[in-house]
Amino acid sequence: MTENPKPLRFATVTDQGTQWRLKRNCALTPRQVGGCFLGLCALSLAVGLFFWSQGAVLVLPFTALELLAAGAAFLLYARHAADGECIRLEQGQLVVELESAGRLQRTAFAREWVRVEPRHGDGSLIEVYAGNRKVRVGRFMRAELRPALAREIRQVLRGA
């Protein structure tokens with residue numbers, strides 16, 4: 001009688017292979033951030049124009065400064081809202097894709113040569129490496145869950 005393999009906690013299993021998606025936990029999408037910023041601009045400009053029409057001429061320059069600072073913060077947030085990591089086991093390769101600020105870094109490792117280890121064993125990032133190529137993953141998950149993720153990836157790599 002064969003045992004069922006342990007269920008996977010973090011992975012999604014499809015016909016193409018096994019996949020782990022680790023994403024930033026963001027409350028708003030970039031489009032929603034843009035809508036919020038436009039609403040903030042409309043409200044701030046309405047208040048600034050009202051006080052300007054009442055004779056407080058310095059309100060509009062401060063409103064512009066406020067919107068510039070808020071715009072920079074919203075832009076920084078929106079730029080990194082879609083950051084994430086995707087680890088896939090497909091066709092005998094472990095493929096690691098890291099996306100940061102719209103830039104994608106893709107590294108593929110041969111399944112039989114890849115090693116998966118916590119960097120220091122203290123909840124730090126997980127190192128996926130083979131030969132002289134190394135990628136660190138796990139930025140978007142709690143530190144105490146990273147060792148469990150590393151064990152799960154090793155389990156799938158072994159085919160257990």
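This passage describes a sheet, a surface patch, a set of salt bridges and two backbone angles in a predicted model.

The sheet comes first. Three strands form an open sheet, and their order is β6-β7-β8. The pairing is antiparallel. The edge strands are β6, residues 115-118, and β8, residues 133-137. Each of these edge strands pairs on one side only. From one strand to the next, the twist averages 25°.

The pairing can be followed strand by strand. β6 and β7 are antiparallel and share four bridges. Within this pair, V116 has V128 of β7 as its bridge partner. On the other side, β7 spans residues 126-130 and is joined to β8 by five bridges. These two strands also run antiparallel. Here A130 is partnered by R133 in β8. β7 and β8 form a hairpin with two residues between the strands. In this hairpin G131 takes a positive phi, near 65°.

Cover over the sheet was examined next. Four of the five residues of β7 are buried, so this strand is mostly covered, buried being under 20% relative accessible area. Helix α3, residues 146-158, lies across β6 and β7. The helix runs at about 165° to β6. In a regular strand, the side chains alternate between the two faces of the sheet.

β6 also carries a charged pair. The side chains of R115 and E117 meet in a salt bridge, with 3.2 Å from N to O. R115 is partly exposed, with a relative accessible area of 44%. E117 is partly exposed as well, at 27% relative accessibility. Both values lie between the cut-offs of 20% and 50%, which is why the two residues fall in the partly exposed class.

Charged pairs occur elsewhere too. Side chains of opposite charge can pair when their charged atoms come close. A search of the whole structure finds eight salt bridges. R88, E90, E97 and R106 are linked in a network of such bridges. Within this network, the side chains of R88 and E97 meet at 3.3 Å, N to O. E97 also meets R106, at 3.4 Å, N to O. Are R88 and E97 buried or exposed? R88 has a relative accessibility of 15% and counts as buried. E97 has 17% and is likewise buried. The reason is the cut-off: buried means under 20%, and both values fall below that mark.

Two loops stand out by their backbone angles. Most residues other than glycine have a negative phi. Q91 has a positive phi, near 50°, and is not a glycine. Q91 sits in the loop between β3, residues 84-90, and β4, residues 93-100. Q91 is exposed, with a relative accessible area of 80%. A101 also has a positive phi without being glycine, and here the value is near 55°. The place of A101 is the loop between β4 and β5, the latter covering residues 103-110. A101 is buried, at 19% relative accessible area. The cut-offs explain the two classes: 80% is over 50%, so Q91 counts as exposed, while 19% is under 20%, so A101 counts as buried.

The last feature lies on the surface. A nonpolar patch of about 860 Å² is made by L45, L49, W52, V57, L58, F62, L65 and L68. Which elements give two or more residues to the nonpolar patch? They are the helices α1, residues 30-53, and α2, residues 59-80. L68 is one of the patch residues, and its place is in helix α2. L68 has a relative accessible area of 60%. That value is over 50%, so L68 counts as exposed.

Definitions and conventions
Residues are numbered from 1 along each chain as its sequence is written. This is a predicted model: local features need pLDDT of at least 70, side-chain atom pairs count only at pLDDT 80 or more; totals for chains, interfaces and linings use all residues. Side-chain values use heavy atoms; hydrogens and water are left out. Two strands pair if DSSP finds at least two bridges between them. Axes are lines fitted to C-alpha atoms, for helices over the stretch in contact, and angles run from 0 to 180 degrees between N-to-C directions. Contact means heavy atoms within 4.5 Å. Buried means under 20% relative accessible area, exposed over 50%, partly exposed in between (1.4 Å probe, protein chains only). Patches are made of residues with over 30% relative accessible area and no salt bridge: like charges are joined within 9 Å, nonpolar side chains (Val, Leu, Ile, Met, Phe, Trp, Tyr) within 5 Å. Accessible areas come from the Shrake-Rupley method with a 1.4 Å probe; for residues, only the protein chains shown count as cover. A salt bridge is a side-chain nitrogen of Lys or Arg within 4 Å of a carboxyl oxygen of Asp or Glu.
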